[in-house]
Amino acid sequence: MAKQDTTGARAVKIAVFLIAALLLFAPFLFQDVRALEVAARICIFIVLVASYDLLIGYTGIVSFAHTMFFGFGSYGAAIALKQMGPGWDAVALGALAGAAVSLVVAVAIGLVSLRVKAIFFAMITLAAASVALVLASQLSHLTGGEDGITYRAPDLFKPATKLLTDADGKVVEWFGVKLNGKIAAYYFVFTSALILFAVMFRLTVSPLGTVLVAIRENEARAEAIGYRVVAYRTFVFCASALVASLAGSVYAVWLKYTGPDTALSFAIMIDILLMVVIGGMGTMWGAVVGAVLMVMAQYYLRDLMGAASEALAGVPLLPDLLNPDRWLFWLGIIFILLVYFFPKGIVGTIMQKGART
Amino acid sequence: MDRLAEQIGRFGGVNLLPVALALVAFVLIGAPSSWVTLTVAGLAMGLMVFLMASGLSLVFGLMDVLNFGHSAFISFGAFVAASVLIALNHWLVADSVILNALALAFAFIAAIGFGLVAGWLFETIIVRPVYRDHLRQILITMGALIVSEQVILAIWGGTPVTVPRPHFLEGSWIIGDVSIEVYRGFAFVLGALIFVGLHFLLNRTRIGLLIRAGVENREMVESLGFNIDRLFIGVFMLGSALAALGGAMWAGYETLITPALGGEMMIIVFIVVIIGGLGSIRGTLLGAIIVGLTANYVGYLAPKLALASNMILMMAILMWRPKGLAPAVK
C-alpha cells in the first residue's frame, strides 16, 4: 500500500534531489578548488552520517565509535597506498583490510556489550574510540603518529592526467572546466557515496528496516514477537561500521593525507552527532540535509564569525565567544535547543507539516 | 574450589582484587622500592579519580541519569582552582605554611563552590527536561559538554596553564630507598577522608538512608511521601562539587593543565564507574583504585599499553560480571 506523501515530505524530497543535482554537477557549477573540496566532503559525510543514522535513528543505539570505523578505513587505504605505492590494488587491499578490521571489532564490541543498556554501550564505545585514537598516535611507524601519512593516489586521479584529449593532444574543456584527474577523483568520491547511500536506503525500506524500527520503539515486544534483538543490533552495528569504513577509504584516496585530525579525532564524532541531530534522526533524508548544512557552516560560517568578532572588538568576552575557533560553542547551543524543541531535527519537523492526523 | 571461593568471600570477595593486583605487580616489578612508589602513586590517583567518579555514579543510581557532561565539572574545577592559585601566588611563595595552606584551601573552596552552583544550574536547565529519556539525555549532556569545553577555551585559551603548588607540598619524603611525593600522600589522605565522610553520610545519616533507599527503589520512597526530586538536586550538586574538587586536586598533581583534561579524565571516569558498578560508592572506590593501580603498574612495566590496559581491564571485568564488581542493589 503506497503511503501518501505529506507536503512537507515532498518539499524535503525536492530539496534532497536538488542537493544531489548540485553535487553531481559541482565541478562545473563551482569552479574553485575550495568549493570542490567542500562538495567532496559533503558526499563523504552524507554517507557517514547516514550510516550513523542507521544506528541512532533507526535502531536507537548510541555509539561513539563511529569515527573509529571511519578511521580504520582511512588508515587501511592510507597505509596500503604508502607501503605499496599508488595503484588500484593498494586501494582495494587497504579498503578490504580496513573493512575487515572494522567488522571484527564491531562484532566483538557488539556481542560483548549490545546486551546491556544503551548507556553502557555509549560509554564502552567512547572508551574504545579513545583507545583507537591513542593507538594511532602511538604506532607511529605505521600510522605516522600525530603527523599522519601523506601518500599518492592512483595515477588516474593526478591533476596532470588527461581524461579526454582533442586532436592536438590537449585536455578537452567542458563549460570551461578541464577534464583532468581532479574531476575523475571527484566523480570517484561522488559515485562511491551514491552507491553506499543507495544500499543503505534500500536497507531501511526493506523488511529488515522495519524490524530495526520495531526494536527501537519497543525492544521487549520485538523480542516477544520472535526477533532476536541482540542479533539484529549486532548486524546493524556491523553494517554501519562497514559503510563508515568504506567511506573512510574513499576519503583517504581523495585527500591523499590521513591523520588523526581527518580520520579519527573526537571532533569528527561530534560533527557526525550534530549532523544527525540537526538533520533529523530516523530518516535518510535528514542525513543529507544535516551533512550539507554542517559542512557549509564549517567552511563558511567561520568567515562570518571572524567579521562579527572584529566588529565587537570593544565588548568584553563576546569577541572571544565569536572568535571563529569558537564556532562549536554556538553549534553546541543550537544542538541543545534542537534536542529540546525539535527532537526530530529539521527534516523530521518539516516532514510532519501537512500530515493529516 | 567452592570452599576456596567461600573463604575468599569471607575475607572481602571482590574487595581483595586490588590486593591481588598489587601482589602480582610486586612479583612482576621485582624492585620493592619502585613497587612502593608506584603503589602510592596508584592509590593517590585512584582516590582522586574516585572523587571525580562518585557523583556520576550516585546520580545514575538515584535517578537513572547518566551525565556525559560530567567531565565539564572536572575541567572547570581544575581551571578555577588554577586561577585562584595563580592569583594568590604571593601567598604561595610566602615562607609561612599557614598562608600556603590558606591559598590552597581557597582554591579548593572556589572549585567546590563553583561545582555546587554549576551543578544546580546544570541540573535545572539541562537535565531536568529530559528525565527518563536516555537517548535525549546522552545527546543533551553531550551538547552541554561541547558548550562548556568551548567556554573554557574562550576564557582560559588553548595554551597549557601552569599550576603553582604550595611550597609545603613540593618535594618528596625519602624513607630508606623509597621516595614518595608529598603531593601524592596529601591527595591520598584527602581522598580517603572524603570517602570516609561520604560513607558516613550515606550509611549513618537520615539523608543517606533516603538516598540509598531511592537508589534501591525510587517509587517506594516517593510513595512514602519523600521528595526524591529535591534530594536528587542535592546529590547532583554534591556530585558536581566532588568532581570539581577532584579536578582541582588533579590540577595540582599534574601541574600543567590543558582544556583537553576533561575529555581525558572522562574516559577514565567512565571505565571506573563501569568496572565498579553504577550507583554504588563502594564499587566506585574499588574501580578507581583498581584503575589507578593498573595505570601506574602498566605505565611502568609496558608504557605503550597504559591506556589500552584500562580498556582491556574493563572488557575482562564486564565479561566476568556484566553489572560491575559491586553494583548497587536494584
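Q: What makes a residue of chain B count as buried, and what percentage of the 330 residues in chain B are buried?
A: A residue is called buried if 20 or more other C-beta atoms, placed from the backbone, lie within 10 Å of its own (exposed if 12 or fewer, partly exposed in between), and by that test 49% of the 330 residues in chain B are buried. This is a predicted model, in which local features need pLDDT of at least 70 and side-chain atom pairs count only at pLDDT 80 or more, while totals for chains, interfaces and linings use all residues. Residues are numbered from 1 along each chain as its sequence is written, with chains lettered from A and ligands numbered from 1 in the order in which they are written.

Q: Why is chain B called as compact as a globular protein of its length?
A: The radius of gyration, taken over C-alpha atoms, is set against the globule rule of 2.2 Å times the number of residues to the power 0.38; chain B has 20 Å, close to the 20 Å that the rule gives for 330 residues, so chain B is as compact as a globular protein of that length.

Q: How do you know which residues of chain B are in contact with chain A, and how many are there?
A: Two residues are in contact if their C-beta atoms, placed from the backbone, lie within 7 Å, and on that basis 31 residues of chain B are in contact with 33 residues of chain A.

Q: How confident is the predictor in chain B?
A: On the pLDDT scale, the predictor's confidence in each residue from 0 to 100, chain B has a mean of 84, with 96% of its residues at 70 or more.
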